[in-house]
Amino acid sequence: MGDHKEQPLRVGAAVRRRRRALELTLAVVAERSGLSVPFLSQVENERARPSRPSLERIADALGTTAVELLAAADPARSVDVVRADDTGITPTRARVRPLVRGHHQLHAMEFTGDQDEGREFQHRNDELMYVADGAVEIEAEGRAHRLGRGDTLYLTGGVRHRWRATVPDTRVIVVAVADHIEAAEDPSGRR
């Protein structure tokens, strides 16, 4: 009881709201993302669902993250169950599944399979990476960190990093404070 049948993800409205808030045209977003104006129009009008790499390119062009766009696409609920078979973004070689839906103070995502190891991330707020299965290599602050099943890595907000699975069927849980949250500083000046 209390469960709801998941509605199809409608990220287009979130993309349009973000683009309009920034006062950008589709042509500008197309130029920044390397995607076509017709495709972006189809995404915004819910006639096309972007793949994960395309959504990341759109998010980069809009100065946000795919996670933030996904969160903005789904209404927040005070209590929400995400079932193991709920699907995430259209898969490529990897699968991404939101573990927390909606626009909340906390995001949690499950990444399964290969990731784009060339993609560098930098988030405004802190995040924790937990290796549920397999192994990963994470590059942060010029150092490589190898993590195996059960290992975690904590990253302070603002730290540039990239990561990749080093064995097949790797599953990583990433939990992060949402980018729209202003992190408080402690008296020593550190976050």
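**Entry 1: the pocket**

I began with the residue classes around the largest pocket of this predicted model. Its lining has 14 nonpolar, 8 polar and 9 charged residues. Next I looked up the volume of the largest pocket, and it comes to about 510 Å³. Which residues sit closest to the centre of this pocket? Out of 31 lining residues, I noted Thr65, Ala66, Val67, Phe121 and His123 as the closest to the centre.

Then I wanted to know which elements give two or more residues to the lining. My list has helix H4 (52-61), helix H5 (66-73), E2, strand E3 (127-133), E7 and strand E8 (171-177). H5 gives the most, with 4 residues.

**Entry 2: the overall layout**

I stepped back to the protein as a whole. I found 5 helices and 8 strands in the secondary structure. In what order do the elements run from the N terminus? I wrote it down as α-α-α-α-α-β-β-β-β-β-β-β-β.

The protein has 191 residues, and 41% of them count as buried. For the surface, I noted that about 10,900 Å² is exposed, with carbon and sulfur atoms supplying 49% of it. I also checked contacts between residues at least 6 apart in sequence, and 65% of these join residues at least 24 apart.

**Entry 3: an aromatic pair**

I went looking for paired rings and got a count of 1 aromatic pair. The ring centres of phenylalanine 111 and tryptophan 163 are 5.5 Å apart and the planes stand at 85°, so I put the pair down as edge-to-face. The cut-off I needed here is that planes over 60 degrees apart count as edge-to-face.

Where do the two partners lie? Phenylalanine 111 is in strand E2 (residues 106-113) and tryptophan 163 is in strand E7 (residues 161-165), so the pair ties together parts that are 52 residues apart in sequence. Are these two residues buried or exposed? Phenylalanine 111 and tryptophan 163 are both buried. I also jotted down that E2 and E7 are among the elements on my pocket list.

**Entry 4: serine 54**

I picked serine 54 next, which lies in helix H4. The relative accessible area of serine 54 is 12%. Buried means under 20%, so serine 54 goes down as buried. What does serine 54 touch, leaving out residues up to four places away in sequence? I found Leu35 and Phe39.

**Entry 5: proline 98**

Proline 98 took me to strand E1 (residues 94-98). With a relative accessible area of 19%, proline 98 is buried too. I then looked up how proline 98 sits relative to methionine 109: they are 11 residues apart in sequence, and their C-alpha atoms are 4.5 Å apart in space.

**Entry 6: alanine 140**

My last stop was alanine 140, found in strand E4 (residues 135-140). How is alanine 140 classed, buried or exposed? I noted a relative accessible area of 7%, so alanine 140 is buried.

For its contacts I again left out residues up to four places away in sequence, and alanine 140 touches His145, Leu155, Val159, Arg160 and His161. I also looked up phenylalanine 121, since Phe121 had turned up at the pocket. From C-alpha to C-alpha, alanine 140 and phenylalanine 121 are 9.7 Å apart, and 19 residues separate them in sequence.

Note on methods: Residues numbered from 1 in each chain as written. Predicted model: local features only at pLDDT ≥ 70, side-chain atom pairs only at ≥ 80, totals over all residues. Heavy atoms only, no water. Phe/Tyr/Trp six-rings, centres within 6.5 Å; stacked < 30°, edge-to-face > 60°. Buried < 20%, exposed > 50% of the residue type's maximum accessible area, 1.4 Å probe, protein only. Contact = heavy atoms within 4.5 Å. Areas by Shrake-Rupley, 256 points an atom, 1.4 Å probe, with all protein chains shown as cover. 1 Å grid on protein atoms, 1.4 Å probe; cavity = no way out; pocket = protein on both sides within 12 Å on 5 of 7 lines; lining within 4 Å. Points joined across faces, edges and corners; volume = space filled by probe spheres on them. Nonpolar A, V, L, I, M, F, W, Y, C, P; charged D, E, K, R; others polar.
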